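Q: Hi! I'm new to this one and would love a quick tour. Could you show it to me first?
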2 protein chains.
Amino acid sequence: MYRVLNNDLVREYVDKTPKLRSLLLNDDESASLLEVSEIGDGNLNFVYIVKNGDKSLVIKQAVPYLRCVGEEYPLSRIRMTFEIEALKKEKEICPQFVPDIYHSSHEMSLVAMQNLNRHKILRGEMIKRKVFPKLAKHIAIFLADTLFYTSDFYLTSKEKKELVKKFINIELCKITEDFIFTHPYEENETNSYSPKLDMSVVKNFRQSKEIKVAIAKLRYKFMTEAQALLHGDLHTGSIMLNEEETFVIDPEFAFYGPMGFDVGIYLANLAMSYISCDKDEHSYKEYVESLIKDTWEIFSKRFKENMINHEKEVKSLQWDYPNGLKHFEAFCDDFIASMFDDSVGFMACEMFRRSVGLAKVADIADIKDEEKRAKKEKNILECAGVLVTSKYDSIDEVIKEIKKYDR
Amino acid sequence: MYRVLNNDLVREYVDKTPKLRSLLLNDDESASLLEVSEIGDGNLNFVYIVKNGDKSLVIKQAVPYLRCVGEEYPLSRIRMTFEIEALKKEKEICPQFVPDIYHSSHEMSLVAMQNLNRHKILRGEMIKRKVFPKLAKHIAIFLADTLFYTSDFYLTSKEKKELVKKFINIELCKITEDFIFTHPYEENETNSYSPKLDMSVVKNFRQSKEIKVAIAKLRYKFMTEAQALLHGDLHTGSIMLNEEETFVIDPEFAFYGPMGFDVGIYLANLAMSYISCDKDEHSYKEYVESLIKDTWEIFSKRFKENMINHEKEVKSLQWDYPNGLKHFEAFCDDFIASMFDDSVGFMACEMFRRSVGLAKVADIADIKDEEKRAKKEKNILECAGVLVTSKYDSIDEVIKEIKKYDR
């Protein structure tokens, strides 16, 4: 039966769960040896580190409310079921980018997994201006593979539809629909503004026909296009890494949605890191620029290779004629181009909502100088407005646009 | 427990089912009075008419195979569950266009409903060149209302997602994916060709880059865009009517898909009726032309009204500013324009598959003169090829295009 854990109960839970006990304790050791600490930086859940000397693991438990708001914002524990199932699916596809899962319990809404103690959260590291040479490649592969291998391009129609059904994630999709696609574009009480923000910029996008129609279309796309199993919340706080390894965590928002959503959310967080930089941080800006460019380029190249290689393997009758494979390639290019448009659109949504919505990004929100912070936010909002209403042919053009708002 | 009915067992079933017994028999009457006949024109199911004097009803039962092919083509009875649930949903939204449902049993895979004995199948009536003055309006309203009231434009995010889950219709979607979107465009053994068909036309579209890419995109759209609860098979054989009343039947293909699919399939069947006409059947061609035009125009007008009226009622914060409603209207127009493009695309798919795929339309297939039939098929195929690779701004332009293939 479900009960909310605390440090003592975590110790007891490990003691009673053979798989976890064996990972942390020798047979003759007592569970009292276990050191438990709650690291509490999650918005939604409780996260415990359980240690015995060199051995350690993480236990993450969902409580029936939104942790960052409190018990008055109920949120069903079922989100942990989505997180567990998504972690398993992602682990199957990209074992190198997903922590090891040791144990999970839908009943207790908890998962026990690898303690990433040699890794740090990407957002914090970017704020410290740390460089990770393998990051672009790792995330590009994670995106290309998780999206491709859960899509109709790879799975049978039946397998894919069964996954769509399994991942109907009503509550967490609603949070995204509200907090990314609705509230930031209206006078909603959940929004928050930095003290010096130029509110005329906010009013401008909230009453712009082009922006409002574009946002409504993207929201509808999010709600209707079941293309692939998305991570659903792939910002730089959902990535833990070091120079060698990169892990994607926290997929409780997972559901079948438009592929460009994952790509766009991630690129938006890079773009906001870029805009957060000071005028003179040339080399870091160059690095972030290369991250944006490389992520898209490696991602799109690999996604296309996945499509082509799979087609060469299955040799479907449909493309089996002299120029068939060339024609299939044209279809791939067309699909990737439309995924690119979607990505840029969703990128803009994330930039809007992180500037005026409930949840901010520390890259900007932690800027102490209020004038400076407000100026960065204005740049992000204006950049988002242009991105969401324009059409770009390449990631270079998008980067060029973003660079205009480094001012 | 499930068992396959026959005439005697139908009588017994009615006798044991109080609701049905009371509709057909007085308390003192014996079930032996019931006349049962199987009308067997279904591709998939058994359909019984049960009568006692003036009183009558229809019982439709699914068997665990595809009736038109035989027991060697298994198809699970679960399709009747989709039919029952879709009939109920459509009846709730459009009571005037859906037969009364008296009784249903998922266990027995059967539904008992109103006997439409004063109504005939639209396809047969069109072949006899009968005119129905209310048809365009009735089907336009059926489409606009079933699509709107099951979409994210009307339902809450939760209600809609629960319906998506309920209507994951794996087997019947697979039939459409194969027989509408795949086999007709490849050398598949399930295809069939009329004896005098010009096979160079077939080869042309099967190896055309533009057509193949366009079809692949439409197939992907069908598989991923969960916009509304579709009928899923809205051809002129799924409509029963007379001068006053119109009923839509047989929704076992129901699932959440792109709205343009229902619209396109229906318009394609009208277009094929048009092309089936002889040179001198001027007035019938004019009538069919008006059906195409009026269906789209009444449909799109009503769909937009549904959107606007709902918005005026809920007054969402998002559009609550001086020009908000005008901007929302621009979003509606944009959505309807993209639904129009989808409809024309799906229309072409139906025209291709009805000409070279497994299932034909009697409008063309029953033409005795083989030369003439083959010429009509060639016209349909060439028309479909142009429709699927062009962009039209209005239904008038589409009609103009179709008329070029009345040759």
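Q: What pLDDT does chain A average?
A: This is a predicted model, and chain A averages a pLDDT of 96. In that chain, 100% of the residues score at least 70.

Q: And what does the model score for ipTM and pTM?
A: The ipTM is 0.96 and the pTM is 0.97.

Q: Let's move to the contact. How many residues does it take from each chain?
A: There are 37 residues from chain B and 37 residues from chain A.

Q: Which helices of chain B supply at least two residues each to the side that touches chain A?
A: Those are α6 (157-166), α7 (170-179), α9 (209-224) and α12 (324-356) of chain B.

Q: Which one gives the most?
A: That would be α9(B), which gives eight residues to the side of chain B that touches chain A.

Q: How do the residues on that side of chain B divide?
A: On the side of chain B that touches chain A, 14 are nonpolar, nine are polar and 14 are charged.

Q: New topic: what turn and shift lay chain B on chain A?
A: A turn of 180 degrees, with a shift of 0.0 Å along the axis, lays chain B on chain A with an RMSD of 0.0 Å. The two copies are therefore related as by a two-fold rotation axis.

Q: Which C-alpha in chain B is nearest the axis?
A: The C-alpha of B:Glu225 is the nearest in chain B, 2.3 Å from the axis.

Q: Nice! And what share of the contact residues of chain B recur in chain A?
A: The figure is 100%, so the same surface serves both copies.

Technical notes:
Residues numbered from 1 in each chain as written. Chains lettered and ligands numbered in written order. Predicted model: local features only at pLDDT ≥ 70, side-chain atom pairs only at ≥ 80, totals over all residues. Contact = placed C-beta atoms within 7 Å. Helix = DSSP H or I, 4+ residues; strand = E, 2+ residues; numbered from the N terminus. Nonpolar A, V, L, I, M, F, W, Y, C, P; charged D, E, K, R; others polar. Least-squares fit on C-alpha atoms with pLDDT ≥ 70 in both. pLDDT = per-residue confidence, 0-100.
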